[in-house]
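This report describes how some strands and helices are arranged in one protein model. Look at the structure first, then read on.

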Amino acid sequence: MNTYDGAAEPADLAPLPNESDGQAAPPVMPLAELHLHIEGTLEPGLIFALAERNGIELPYADLDELRARYEFTDLQSFLDLYYANMAVLRTEADFADMTRAYLRRAAAAGVRHAEIMLDPQAHLSRGVSLETCVNGVASVLASSQDEFGISTLLVAAFLRDLSEESALEVLEALLAMNAPIAGIGLDSAEVGNPPAKFERLFARAGEAGLRKIAHAGEEGPPSYIIEALDVLGVERVDHGIRCMEDPELVERLVADRVPLTVCPLSNVRLRAVDKLADHPLPAMLAAGLNVCVNSDDPAYFGGYVDDNFAQLESVLGLSEFDRVRLAANSISSSFASDERKAELLAELSG
Ligand SMILES: [Zn+2]
């Protein structure tokens with residue numbers, strides 16, 4: 001069930017763009033997108049197209065009625081709509097079309113490397129096989145550099161509101177099918193589902209040679225960030241904005257150069273911050289934290305990574321120096337090869 005309450009648009013955000021606008025303002029800056037859920041790129045137009053292709057009846061009469069649901073009161077209210085819309089993803093071709101649409105739009109935004117999260121459990125629970133969702137996305141990622149100029153990696157993200165046993169089962173199945181995943185992540189409803197719940201999952205991923213990331217400190221407290229680092233051994237923290245409530249933690253994150261993948265428009269849409277003018281990003285930059293800007297679920301939160309930058313510039317007066325610093329951080333915090341990072345950093349400074 002959705003919890004649309006007719007809440008007003010946050011005062012300092014532009015209205016939600018539809019998929020036909022929101023083009024990047026030239027010149028685009030090369031960067032890496034490290035916090036992106038592929039299911040969150042499913043635009044309303046594609047939802048309707050896939051519903052028609054698969055003979056699925058949607059609970060919305062038209063695009064406008066669907067778009068009217070995109071007002072969220074918190075993370076859970078977004079997740080309700082997010083999971084409902086996934087019903088249109090049935091076949092490998094559906095996952096492939098969604099992935100291609102993201103890469104096309106991301107290329108226009110300047111994205112040159114992307115680390116893309118897929119939530120296998122959200123599809124398994126609907127009767128869609130692991131092979132269908134993984135192969136559908138991976139088939140497009142395999143040629144992303146040639147087709148879109150974007151090098152890519154796939155990350156299997158696990159739903160933290162489900163059990164660790166379920167996550168372990170899916171991870172073993174991914175390993176057994178030799179899925180082309182570079183790492184694992186942890187997402188979905190954060191509060192009440194602390195990182196330590198998944199200690200064995202992350203230990204197993206480490207044994208299998210996978211990279212480790214986790215959402216922490218979005219709605220959850222700073223202690224969740226500490227747990228993700230100390231108990232799960234993550235190399236990067238998704239969101240992490242609530243670290244600012246713990247000066248000792250900030251000191252540690254700065255000293256260790258721990259990357260935080262910040263998603264400003266997402267934070268405003270999900271009411272983690274009241275309005276963009278109150279976003280902690282400027283304070284995080286001033287503190288010397290290793291932050292970068294990402295779109296999270298761009299079809300739901302009012303924009304892709306270039307839209308995030310455009311709004312940061314107009315509302316927070318982000319300087320050119322900080323823009324370049326954020327882009328450089330995104331590239332150096334990625335899991336791309338050293339060679340690819342050097343190539344993109346050279347392109348950024350050129
Ligand atoms: Zn996220």
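A residue counts as buried when its relative accessible area is under 20%. The model shown here is predicted.

**The sheet**

By that cut-off, Pro 259 and Thr 261 on one side of strand S7 (residues 259–262) are buried, and so are Leu 260 and Val 262 on the other, which leaves both faces of S7 covered.

Strand S7 belongs to an open sheet of 8 strands, ordered S1-S2-S3-S4-S5-S6-S7-S8, with parallel pairing. Strand S1 (31–37) and strand S8 (290–293) are the edge strands, each pairing on one side only. On average, neighbouring strands of this sheet are turned by 25° against each other, direction ignored.

Two of the strand pairs are set out below.

| Strand pair | Bridges | One bridge in the pair |
|---|---|---|
| S2 (residues 111–118) and S3 (residues 151–159), parallel | 6 bridges | Leu 118 with Ala 156 of S3 |
| S6 (residues 236–239) and S7, parallel | 2 bridges | Asp 238 with Thr 261 of S7 |

Thr 261 therefore appears twice in this account: as a buried residue under the 20% cut-off, and as the bridge partner of Asp 238.

**A pair of helices**

Two packed helices are described by the angle between their axes and the distance between the axes. For helix H8 (residues 164–176) and helix H9 (residues 199–207), the angle is about 15° and the axes are 9 Å apart. Because of this angle, H8 is roughly parallel to H9. The crossing of H8 and H9 is right-handed.

Residues of H8 in the contact include Leu 168, Leu 171 and Leu 175, while those of H9 include Arg 200, Leu 201 and Arg 204. Sorted by class, the contact of H8 with H9 has 6 nonpolar, no polar and 6 charged residues.

Conventions:
Residues are numbered from 1 along each chain as its sequence is written. This is a predicted model: local features need pLDDT of at least 70, side-chain atom pairs count only at pLDDT 80 or more; totals for chains, interfaces and linings use all residues. Side-chain values use heavy atoms; hydrogens and water are left out. Axes are lines fitted to C-alpha atoms, for helices over the stretch in contact, and angles run from 0 to 180 degrees between N-to-C directions. Helices (H or I, at least four residues) and strands (E, at least two) are DSSP runs, numbered from the N terminus. Angles under 35 degrees count as roughly parallel, over 145 as roughly antiparallel, 65 to 115 as roughly perpendicular and the rest as oblique. A crossing is left-handed if the near helix is turned anticlockwise from the far one by less than a right angle, and right-handed if clockwise. Contact means heavy atoms within 4.5 Å. Ala, Val, Leu, Ile, Met, Phe, Trp, Tyr, Cys and Pro count as nonpolar, Asp, Glu, Lys and Arg as charged, and the others, Gly among them, as polar. Buried means under 20% relative accessible area, exposed over 50%, partly exposed in between (1.4 Å probe, protein chains only). Two strands pair if DSSP finds at least two bridges between them.
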